[in-house]
There are 2 protein chains.
Amino acid sequence: MARIVSARISDVRFPTSLDASGSDAVNVDPDHSVAYLELIADDPEWPSGFGYVFTQGRGNDLAALAIEIVVGLLPDEDLERMLDHLGEIGRALVHDSQLRWLGPEKGVAHMAAGAVVNALWDIKARRAGLPLWRLLAEMEPEELVEIVDFSHLSDALTREDALEILRAGQHGKADRIAELERDGFPAYTTGPGWLGFSDEKMLGLVRGAVEAGFTMIKMKVAGDLADDRRRLGLARDAVGPDFRLAIDANQRWEVDEAIEWLSHLHRFGLWWVEEPTAPDDILGHARIREAIAPTRVATGEAGANRLMFKQFLQADALDVVQIDMSHYAGVNENIASILLAAKFGKPVVPHAGGVGLCELVQHLSYFDYIVVGRSLDGRMLEYIDHLHEHFRAPVEVVDGRYRLPSAPGTGAELHPASVRTWLFPDGPGWRDLRERGLVPRPQPSIVEHAISADADERVEVTA
Amino acid sequence: MARIVSARISDVRFPTSLDASGSDAVNVDPDHSVAYLELIADDPEWPSGFGYVFTQGRGNDLAALAIEIVVGLLPDEDLERMLDHLGEIGRALVHDSQLRWLGPEKGVAHMAAGAVVNALWDIKARRAGLPLWRLLAEMEPEELVEIVDFSHLSDALTREDALEILRAGQHGKADRIAELERDGFPAYTTGPGWLGFSDEKMLGLVRGAVEAGFTMIKMKVAGDLADDRRRLGLARDAVGPDFRLAIDANQRWEVDEAIEWLSHLHRFGLWWVEEPTAPDDILGHARIREAIAPTRVATGEAGANRLMFKQFLQADALDVVQIDMSHYAGVNENIASILLAAKFGKPVVPHAGGVGLCELVQHLSYFDYIVVGRSLDGRMLEYIDHLHEHFRAPVEVVDGRYRLPSAPGTGAELHPASVRTWLFPDGPGWRDLRERGLVPRPQPSIVEHAISADADERVEVTA
């Protein structure tokens, strides 16, 4: 009988703000980072499990502490039994009676629950010798519904609804697996579209993306209307009238401003508009969607939880469900969202990029296609060619399509050397950058922690 | 010229789970706690400012670290100038380009921004020699709108709308101040209604609350329908037909379950139903509200941000706006919500209780009455007689009404002895409880932190 005896937690940050890669109208200086967890069993026969919270730099230490607190909630019991009850364990972590006050079901404590849940899934998949997508695809509908937290969902999706969807998904499963293994899964790219690229650089990358076989190109917008028009005009001319071109406003606009701004971009034939306004604004998205139809609305990468997706779907406020492995409570909550999307007939196109998000979330798109959505209509996986070299099993994209991974696990494992080098703040990578004056030396903190109480002080408490 | 030179942060937890005070259908074992901040200036002429994030125990250390990170975002500049620009500073803390990924505008990072904002308001009010409510009431409309973050609000509330409301609120201000100082502000109490009290104890407390002059009694429900019926029947008989009786389900129900359950409680004449379902479920609340009218729906204590209130109001999903000084980004965001409520003609009745929430939030109800809502119709302040003794300036409730405080500041300051005694985990109060076996000794943690990089290891980074 194995047990988890150690949880190794690392604050790993990559200095991506130095070259502004990944920057957009809102995320102006991201240092793509992970609060990285390794769960270790006492039996060396058992594989470690890896999971993380992705962040933009500041606050990665907060995510690391959140993971530490959530790890403290794990039961000290037979690991085999735990892996058979990942739904129950996930619900216990998400709804902890004290910690839930910091949400409930939102913010960094919620993301940390996801990292821990995902690390357990990593162990489960490695133990089974299967990549996560295949493990999920082989599970019975009755096992899969146990993963889902139906609380507060039942007015939109019941256990019975989910079972019906999953049972229908068993038909033709083997064919769809064979098809994906043969053809891969369509990818789109955000690579050419970052703000701050010159028109020449952008156009070169756009042409390259079309030649590379990508299904769609996504351009960042919402800095300046004249720039958006010029860049989208150039891009549309370069790709021709039928190629999918989407835009991403990264939450920048007011509701009415979005409608007005988009009225000027409509003629570039946009596949979707992503995050036109605040990610919590369901009713705002519904108004925007109605005003800009038939242009699609996509959102989800910064959503709070499955209850927000429920309402976005109920309110007809989106067309594309952008699940995310880091903003939500891991595999469990994302499967809930995939089932919700299926119930409402909307495609799931995950948010990826950052660091390691492609590696993780690809599994859920394959699972969705094989067992839930069963269609490629409007389905894609986001791809950005960035930071994959730090992963043991980096994603493989060939001719604009993801190749299905066969390595056991979720894909979350980093190379130990990458963890060591970019440990924040004292890893050798960071030390080197500071010595070369490329990143500032840390300011002396003004924070004092409360002095530990004097051990001689006694109080008699009458509680 | 003064500057902030120190931020003292303490993890203070009160062992309230020992006697289950404050427990309800969801919060079963709360240890009411504060991640407590003192901002200290370099000039001894300047007062310290206090603020905190309230939590239920676990995660209080996370809130403390979040405050530490947010404090690191404060500009190192003239304190006088900072206090003149608390709107600008609040927006910078809430929308930090990296930290916002952990929300945006939700979870513990958002609450921490509130604690820091509130500590600055505490300095500003002390420096002016005024309690917060009077400081706010004396500010000009043009100064007050500068506090508000109108981003993503403009489809419901513009700067011009807010100015109009605040300018109208200048008329008769002196009379309303005089009235409140003479008569106090109506309070309601949750004291008698906790689950787990025997019927006898509950009835004794209900009768006591009526005699004490409280305006309303709130009962916890949603554990068991038969219990709810019996307890509400007894309480209604005790208070007579005209007394306000409200219930609080603490998020327990599914949407349809709420409607069904409440159909059995309707006949007890309920003033409001609080948190019938998940706090993020705007559309669910709208459906419940429509089904149970004319019973009111109240929510907000666990909301994410002002954008959720915007939508609850737009969707006609609530009747009572329950602002909170700890779930939101402090004075600034709560003033935004007060203005939103006024725009939609709904009363603000803050969430209080916990530890210190009454002390803080009372100021905003007075401000609302004096300058914004200008009516007592449906307005009250929640009161629970619990943990006030730890505060330098505890609230004073006489004949069921809050007396307006005159002490300068926000009321957030704890007695230093309380901080010292209940410092977690090693304050003498906690040590004593552990020695007496009343709280368990901490489990050895399984967490290892990543080993600091070897100082001799060199890498040449090509960034």
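Before I show the sheets, let me define pairing: two strands pair if DSSP finds at least two bridges between them. Strands here are DSSP runs of E with at least two residues, helices are runs of H or I with at least four, and both are numbered from the N terminus. Please keep in mind that this is a predicted model, in which local features need pLDDT of at least 70 and side-chain atom pairs count only at pLDDT 80 or more, while totals for chains, interfaces and linings use all residues. Residues are numbered from 1 along each chain as its sequence is written, and chains are lettered from A and ligands numbered from 1 in the order in which they are written.

Let me begin with a sheet that draws on both chains. Its four strands follow the order β13(A)-β1(B)-β2(B)-β3(B), and they form an open sheet with mixed pairing. At the edges stand β13 (447–449) of chain A and β3 (49–55) of chain B, each with a single partner strand, so one side of each is left without a neighbour in the sheet. Neighbouring strands are turned by 20° against each other on average, direction ignored; for such angles, axes are lines fitted to C-alpha atoms, for helices over the stretch in contact, and angles run from 0 to 180 degrees between N-to-C directions.

Where do the two chains join in this sheet? Three bridges connect β13(A) to β1 (residues 4–13) of chain B, and these two strands run parallel. Within this pairing, A:Glu448 stands opposite B:Arg8, and A:His449 has B:Ile9 as its bridge partner. On its other side, β1(B) pairs with β2(B) in the antiparallel sense over nine bridges, and there B:Val12 has B:Val34 as its bridge partner. Seven of the 10 residues of β1(B) are buried, where buried means that 20 or more other C-beta atoms, placed from the backbone, lie within 10 Å of the residue's own, exposed means 12 or fewer, and partly exposed is in between.

Now to the second sheet, an open one with mixed pairing, whose four strands come in the order β3(A)-β2(A)-β1(A)-β13(B). Its edge strands are β3 (49–55) of chain A and β13 (447–449) of chain B, each of which pairs on one side only. In this sheet, β1(A) and β13(B) pair in the parallel sense over three bridges, and A:Arg8 stands opposite B:Glu448. Helix α1 (residues 60–71) of chain A packs on the sheet, touching β1, β2 and β3 of chain A together with β13 of chain B, and its direction makes about 170° with that of β1(A).

How are the two chains related? A rotation of 180° with 0.0 Å of shift along its axis superposes chain A on chain B, with an RMSD of 0.0 Å, the superposition being by least squares on the C-alpha atoms of residues with pLDDT of at least 70 in both copies. The two copies are thus related as by a two-fold rotation axis, and in chain A the C-alpha nearest that axis belongs to A:Gly107, 2.0 Å from it.

Finally, the interface: 87 residues of chain A are in contact with 87 residues of chain B, where contact means that the C-beta atoms of two residues, placed from the backbone, lie within 7 Å. Of the interface residues of chain A, 100% are also interface residues in chain B, so the copies meet through the same surface.
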